Amino acid sequence: MPRVSIILPAYNEGENIGRTILQVHEVMRSLSDYEIIVVDDGSDDSTYLEAIKVSRSSPELEGRVKVISYKPNQGKGFALKKGFECSEGENIIFIDSDLDISPNHISHYLSALQDSDIVAASKFHPDSRVESPIMRKILSLSYHWLVRILLTTDVSDTQAGLKAFKRSALEKVMPVIAVKQYAFDAEVFAVANLCKLKVRELPVHINLRATFSGRSIIRMFIDLLGIAYRKHVKHSYQKELRNRNVLVNKRF
C-alpha cells in the first residue's frame, strides 16, 4: 500500500494540471512510496486529456498517477471525497491543482503529520507569505470570522489549499460530510473538532490569483449555516459519529 496519496482536485485546469503533476512527482520521488490522484471535476476544457497525457509520459509516472473524471461538475468537496475513496495511502495530501501553493511544502507537512492527525496550511500564520488582491484578502478574513463564530472551531484558516491527513482521521470524518463545494473544508474541521482530532497549522507561501463570484460567496455562506445547524441544533454529526462508535468531544 502506498504510504502517501496526493489528491489533486481539478476543474478547468488544462493549462496547469500537467505541470502540477510533474512538480508533485519531483517532490515525492525522493520520499517513500506514493500515488498521485487527479480528480477531474467535470471540466469543460482539456484537464482530463492533459492529465492522461502526462500520466503516460514515462514508465515512472504511468504506475503512480490515477486520473478520475466524471460529469457534470459537482464541486471541490465532492472531488476530494471521491479522490479519498480511490486512495490507498496511509497519509493523504489535499493540494489545489492551480499551483497557488507550491508542492515543495508537502514534505514539511508530512513530517509534521507524525505527531498530529491533520496538518493544515494557514494564511494567518505569522510566518506565512500571502500574495492576493485586496478584495480577496477582505473576503478571506470575513469568512475566517464567520467560521469561528458559526462553527466554534479553533482552526484559523479552513480554506488554504494544502492539507495533510492521517488516513485514520479521514476515515472518521468523511462518512458524515455533506457539503460538496467550497465549505467542505470548514465542515471537515467542524467534524474533526467533534472527533477530538489533533490539528496543527503551518505557514505557507500562497499566491491567490482567482476571485470568487457573488454566487459562490452566497453558496459558501448558505453551506456554513447548514453546517452550523447540523452541529449546534440538530446535533446530527454527533449522532452519526456515535452510531459509528467514534469518540465525540463531550463539550458538544
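Which residue of E8 stands opposite Ala-120? In this predicted model, the residue facing Ala-120 is Glu-201 in E8. That pair is a handy place to start a walk through the fold.

## Around E5

Strand E5 covers residues 118-121, and E5 has strand pairings to look at on both E7 and E8. With E8 the pairing is parallel and runs over 4 bridges. With E7 the sense is antiparallel, over 3 bridges, and here Val-119 stands opposite Ala-164 in E7.

Neither face of E5 is left open: both are covered. Ile-118 and Ala-120 sit on one side, Val-119 and Ala-121 on the other, and all are buried.

## Glu-201 in E8

Now back to the partner of Ala-120. Glu-201 belongs to strand E8 and is partly exposed, at a relative accessible area of 22%. Buried means under 20%, so Glu-201, at 22%, doesn't count as buried.

Leaving out residues up to four places away in sequence, Glu-201 touches Ala-120, Ser-122 and His-125, plus the run Asp-154, Val-155, Ser-156 and Asp-157. Asp-40 is another story: C-alpha to C-alpha, Glu-201 and Asp-40 are 28 Å apart in space, and 161 residues separate them in sequence.

## The whole sheet

Step back and you get an open sheet of 7 strands with mixed pairing, in the order E3-E2-E1-E4-E7-E5-E8. The edges are taken by E3 (65-70) and E8 (199-202); each has a single partner strand, so one side of each has no neighbour in the sheet. On average, neighbouring strands are turned by 15° against each other, direction ignored. As a general point, strands of a sheet pair through backbone hydrogen bonds, either parallel or antiparallel.

Elsewhere in the order, E1 (residues 4-10) and E4 (residues 91-95) pair in the parallel sense over 4 bridges. Ile-6 stands opposite Ile-93 in E4. Helix H4 (residues 76-85) lies across E1, E2 (34-41), E3 and E4, and runs at about 150° to E1.

## A helix tucked inside

What about H8, residues 184-194: how many of the 11 residues are buried? The count is 11 of the 11, so H8 is largely enclosed by the rest of the structure. The buried set includes charged-type names you might not expect on such a list, Asp-185 and Glu-187, along with Phe-184, Val-188, Phe-189 and Leu-194. Just after H8, Lys-196 takes a positive phi of about 60°.

Two residues of H8 turn up again at Thr-153. This threonine lies in the loop between H6 and strand E7 (162-166), and counts as buried at 4% relative accessibility. Setting aside neighbours within four places in sequence, Thr-153 is in contact with Phe-189 and Ala-190, and also with Val-147, Arg-148 and Lys-231.

## A nonpolar patch on the surface

Which residues make the nonpolar surface patch of about 420 Å²? They are Leu-146, Ile-218, Phe-221, Ile-222 and Leu-225. Helix H9 (residues 214-233) gives the largest share, 4 residues.

Leu-146 lies in helix H6 (residues 134-151). With a relative accessible area of 30%, Leu-146 is partly exposed. For the H9 members, a general rule about helices is useful: an α-helix has 3.6 residues a turn, so residues three or four places apart point the same way.

Conventions:
Residues are numbered from 1 along each chain as its sequence is written. This is a predicted model: local features need pLDDT of at least 70, side-chain atom pairs count only at pLDDT 80 or more; totals for chains, interfaces and linings use all residues. Side-chain values use heavy atoms; hydrogens and water are left out. Patches are made of residues with over 30% relative accessible area and no salt bridge: like charges are joined within 9 Å, nonpolar side chains (Val, Leu, Ile, Met, Phe, Trp, Tyr) within 5 Å. Accessible areas come from the Shrake-Rupley method with a 1.4 Å probe; for residues, only the protein chains shown count as cover. A salt bridge is a side-chain nitrogen of Lys or Arg within 4 Å of a carboxyl oxygen of Asp or Glu. Buried means under 20% relative accessible area, exposed over 50%, partly exposed in between (1.4 Å probe, protein chains only). Contact means heavy atoms within 4.5 Å. Two strands pair if DSSP finds at least two bridges between them. Axes are lines fitted to C-alpha atoms, for helices over the stretch in contact, and angles run from 0 to 180 degrees between N-to-C directions.
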